[in-house]
Amino acid sequence: MAELTVTGGRRLMGEITVQGAKNSALPLLAATFCIPAKCTLQNMPALSDVSATLSILRHLGCTARREGQSITIDATTPARYIIPESLMRELRSSIFLLGPLLARFGRAEIFAPGGCNIGARPIDLHLAAMKQMGATIRQTDEKIILRVPRGLHGADINLRFPSVGATENIIMAAAIARGTTQLHGAAREPEIVDLADFLNRCGAKISGAGKSDIVIEGVRRLHGCTYQVMPDRIIASSCLSAAALTGGEILLRGVNHAHLAPVLPAFRRMGCRVTAVNDALHLYAPRRLVPFGALVTAPYPGFPTDSQSAFLAMACTASGVSRIKETIFESRFHQAREFAKMGAHIAIRGSQAEIYGVPRLHGARVKAMDLRGGAALAVAALGAHGQTTVTCAELIDRGWEDIAGTLRRIGANIAPS
Ligand code: UD1
C-alpha cells in the first residue's frame, strides 16, 4: 500500500478483534530455527515484516507454508548461515536470527539490520551477549562474522539496558546452548513471556520470563509444537485511540487486559470510560478529549514507546496542553512536523514534546516516517476536517494487517491507494 486516504469527521463505533502481535510473531518465527522439527504458529498476522522473515528463513533452508492465519515452519535441515545484506536490511528483526544461527550452526554472517528509522538502534548488546556465550566476532565495514569454535555455552549476562531484542536473542541462543545462562536486567515485555512460553512448549527450560532475572537451562534438542501468538497490545491501543479521537465507542475483542495496563490510565485521564468485559475491552469517549497531562515512555511495564505516536495524535485536539517525554528512541518525534501540516501545534525540545490542543485538525498530504508514526497520522486524520493522504503508507503494512479494512469495520472512511 503506497498511500492511505482518510476522510475525517465520522464518529467511530463498533467491534474489532485484535490481530496477532507483530512483536511476538517475529521472534517466534526466528525461534523456529532453533528447532529441528515442524512448528505451527497460529494467529499470525499477514504483515510485510512477517513475509520478510519468512524469506530469510527460506533462504536459510527452512520450508515455510501459510494456511490462513497459521504458518508452519520446518527447520529440520537448515542449509545456510549467511543472511544476505538485502534480506537483513528489510527489517530490524532480522537480528533475531543471530542467536538461533549461532546455536544451530556455530557460525553466522550478518549485516547491520534495517527497520524503522526511529533512532540509532545499535546491536552492541546482542553482540556482547553472544561473545560472552563463546562467539568470536569480526567486523568488516559492513559485515559481522561470528564463529563459535567450541559451541555456545551458558553465561552470566547483565544487560545495561533491558533491550527487548537482545533479551530475545539471548533466550533463543541459550535455550539450546551447553549449560545454564543467568540473564540479569532482562526486558519484561509480554512478548518475552510469549517467546519463553513457546520455547518451553518445545521442551526448553526457561524460567523467570516477564521478570528482570531469567534463567535458561540449555537442552540438547527441542521438539516441534503448535502455538498461538498473543494479541497485539500496540494495535489494540491504536484502535482505542482511533475511537477516542473521534468521540466514538469501541468493543475490542481478543485482548489481554493486563498487557494494556500501561496505557489504560492515560485513556481514562483523557475522559474515556474504559471497562473490561471478559476477553474484551469497551471504550466510550467524550466529545472532546481532555489532555492526559504528562507521559514518559519506558520499558515495560512503563508506557510503551510504540503507543507514543498515537497518544501524540490524540493530544493534538485535546482541550489543553499535553507533554510527552520519549526515553527509548531518539527520533520518534520526527513525525511531529507532519502533524503540523494538519494544523497541530507541537513544540519539540530534544526528547520532549509539548502539544497544545487545537479544536480540530484539517486534512493534508502527510508522510509516514515510521510504522507507528504513520498509523498515528491515519488516526489523527479520522478526526480531522476534510481529506488526508498518508504517503509512504507501506511502512504501516509492516505492523498493521489491513489498517483500512480494520478501521472501516467501525465506520471509518479510509482506503488504500
Ligand atoms: C522492540 C520492538 C519495538 C519497540 C522496542 C521497545 C520488536 C520487533 N520491536 O525493538 O517495536 O519499540 O522493542 O519497546 O519487538 N539498544 C542498544 N543496544 C542494543 C539494543 C538496543 O543500545 O544492542 C537500545 C536501543 O537503541 C533503544 C533501546 O535499547 O534505545 C531499546 O531497544 P530494544 O528494546 O532493543 O528495541 P528492539 O528490540 O529493537
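**Exercises on the ligand site**

Of the 20 residues around the ligand in this predicted model, Asp124, Ser163, Val164, Asp306 and Ile328 come nearest; a residue belongs to this shell if one of its heavy atoms lies within 4 Å of the ligand. Because the model is predicted, local features need pLDDT of at least 70 and side-chain atom pairs count only at pLDDT 80 or more, while totals for chains, interfaces and linings use all residues. Residues are numbered from 1 along each chain as its sequence is written, and side-chain values use heavy atoms, with hydrogens and water left out.

**Exercise 1.** Find the polar atoms of Ser163, Gly165 and Ile328 that approach oxygen atoms of the ligand.

*Solution.* Apply the cut-off for a polar contact between protein and ligand: a pair of N or O atoms within 3.5 Å.
- Step 1: Ser163 places a polar side-chain atom 2.6 Å from a ligand oxygen.
- Step 2: In Gly165, a backbone N or O atom is 2.8 Å from an oxygen atom of the ligand.
- Step 3: Ile328 likewise uses a backbone N or O atom, at 2.6 Å from a ligand oxygen.
- Step 4: The ligand on its own has 740 Å² of accessible area (Shrake-Rupley method, 1.4 Å probe), and the protein covers 89% of that area.

**Exercise 2.** Determine which elements and which kinds of residue form the shell around the ligand.

*Solution.* Helices are DSSP runs (H or I) of at least four residues, and strands are DSSP runs (E) of at least two, numbered from the N terminus.
- Step 1: Two or more shell residues come from each of α5 (124-132), α6 (164-175) and α10 (305-315).
- Step 2: The most are given by α5, with 3 residues.
- Step 3: By kind, the shell has 8 nonpolar, 6 polar and 6 charged residues.
- Step 4: Domain 1 (3-19 + 231-416) and domain 2 (22-228) both give residues to the shell, so the ligand lies between them; the bounds come from an automatic or database domain assignment.

**Exercise 3.** Locate the cis peptide bond at Pro301 and the positive phi value of Asn43.

*Solution.*
- Step 1: The cis bond joins Tyr300 and Pro301, with omega about 10°.
- Step 2: Pro301 belongs to the loop between β17 (294-296) and α10.
- Step 3: Asn43, a residue other than glycine, has phi near 60° and lies in the loop between β3 (38-42) and α2 (48-59).

How values were computed:
Polar contact = N/O pair within 3.5 Å; in protein donor to acceptor, adjacent residues only side chain to side chain. Nonpolar A, V, L, I, M, F, W, Y, C, P; charged D, E, K, R; others polar.
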